[in-house]
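Grab your viewer and work through these exercises with the coordinates loaded. Each one has a task, then a solution in steps.

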Amino acid sequence: MEKFLRAGWNFLEKMIYFFGVKVFRIRLLENNWDSIIQFVKFGVVGLSNTVVSYVIYLISLLLLQNYALIPNFDYLVAQFIGFLISVLWSFYWNRKYVFKADNDQVPWPQALLKTYISYGFTGIFLNSILSILWVQMLGVSKLIAPIFNLIISVPLNFILNKFWAFRKGK
């Protein structure tokens, strides 16, 4: 499995470079390409994180409903469980493949705590405020508002993870 995943990441890097340099003729320093590849890897982990979060949410919701546990708040508990597990998932893959160069600099418990804080800030606090702004103040559709949130929260989360969660403080 490890070999398969490593090959997948290498293929992704080559495709990004190919399309960037050969197709779109983007000329960047190699260090800039490394940052772009790291951001795309972060996005891939984020997509998988979204799927994991939703699947865990559905499983938790079904279990809570089947056993009549917490009937009025089952969806909130399921959402919280999905959040906890999906951030752990994201932390593992980001530490292993996205921010691996910084792993020696910061102990994993510290990085994990910072990851939960950063995802809590962007995924819960910031997205809630932005949703209120888009929907209630600007009249954006409830179906479109989360897309606007992603445009802001994904780059912000990348920066928080790269320069805070996976970087040892001085």
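## Warm-up: the overall layout

The protein chain has 5 helices and 0 strands. Keep in mind that this is a predicted model.

**Exercise 1.** Work out the order of the elements and what share of the 170 residues is buried.

*Solution.* Start at the N terminus and read along: the elements run α-α-α-α-α. Next, go for burial: buried residues make up 32% of the 170 residues in the chain. Finally, check how far the contacts reach along the sequence. Take the contacts between residues at least 6 apart, and 71% of them turn out to join residues at least 24 apart.

## The nonpolar cores

**Exercise 2.** Find the largest nonpolar core and say which helix gives the most to it.

*Solution.* Step one is the count: this core has 16 residues, and among those with the most contacts inside it are Phe42, Phe91, Val98 and Phe166. Step two is to sort by element. Helix 2 (30-66), helix 3 (74-98), helix 4 (108-137) and helix 5 (145-165) each put in at least two residues. Helix 3 comes out on top, with 6 residues. Step three is to zoom in on Val98: skipping neighbours within four places in sequence, valine 98 is in contact with Gln38, Lys41, Phe42, Val45 and Trp93. There's also a second, separate core of 5 residues, including Leu126, Leu130, Trp134 and Val140.

## The largest pocket

**Exercise 3.** Describe the largest pocket: what is its volume, and which residues are closest to its centre?

*Solution.* The volume is about 1,200 Å³. Of the 35 lining residues, Thr50, Ser53, Gly123, Asn127 and Leu150 are the closest to the centre. By element, helix 2, helix 3, helix 4 and helix 5 each give two or more residues to the lining, and helix 2 gives the most, with 10 residues. For the chemistry, split the lining by type: you get 16 nonpolar, 18 polar and 1 charged.

## Three residues up close

**Exercise 4.** Is asparagine 149 buried or exposed, and what does its side chain make a polar contact with?

*Solution.* First place it: asparagine 149 is in helix 5. Its relative accessible area is 4%, so asparagine 149 counts as buried. Then look for partners. The side chain of asparagine 149 makes a polar contact with the side chain of tryptophan 134 at 2.7 Å. A polar atom of the asparagine 149 side chain also lies 3.4 Å from the backbone oxygen of asparagine 127. Leaving out residues up to four places away, asparagine 149 touches Asn127, Leu130, Ser131 and Trp134.

**Exercise 5.** Classify alanine 145 by its relative accessibility and list its contacts beyond four places in sequence.

*Solution.* Alanine 145 is found in helix 5. At 1% relative accessibility, alanine 145 is buried because that value is under the 20% cut-off. Its contacts outside the four-place window are Trp134, Val135 and Val140. For a distance check, the C-alpha atoms of alanine 145 and asparagine 127 sit 9.4 Å apart, with their positions 18 residues apart along the chain.

**Exercise 6.** Now try tyrosine 116: how does its accessibility classify it, and which residues does it contact?

*Solution.* Tyrosine 116 belongs to helix 4. Its relative accessibility is 22%, so tyrosine 116 counts as partly exposed. Skipping neighbours within four places, its contacts are Phe83, Leu84, Val87 and Leu88. With leucine 84, the C-alpha to C-alpha distance is 8.2 Å, and the two are 32 residues apart in sequence.

Note on methods. Residues numbered from 1 in each chain as written. Predicted model: local features only at pLDDT ≥ 70, side-chain atom pairs only at ≥ 80, totals over all residues. Heavy atoms only, no water. Core = buried A, V, L, I, M, F, W, Y, C linked by side-chain atoms within 4.5 Å. Buried < 20%, exposed > 50% of the residue type's maximum accessible area, 1.4 Å probe, protein only. Helix = DSSP H or I, 4+ residues; strand = E, 2+ residues; numbered from the N terminus. Contact = heavy atoms within 4.5 Å. 1 Å grid on protein atoms, 1.4 Å probe; cavity = no way out; pocket = protein on both sides within 12 Å on 5 of 7 lines; lining within 4 Å. Points joined across faces, edges and corners; volume = space filled by probe spheres on them. Nonpolar A, V, L, I, M, F, W, Y, C, P; charged D, E, K, R; others polar. Polar contact = N/O pair within 3.5 Å; in protein donor to acceptor, adjacent residues only side chain to side chain.
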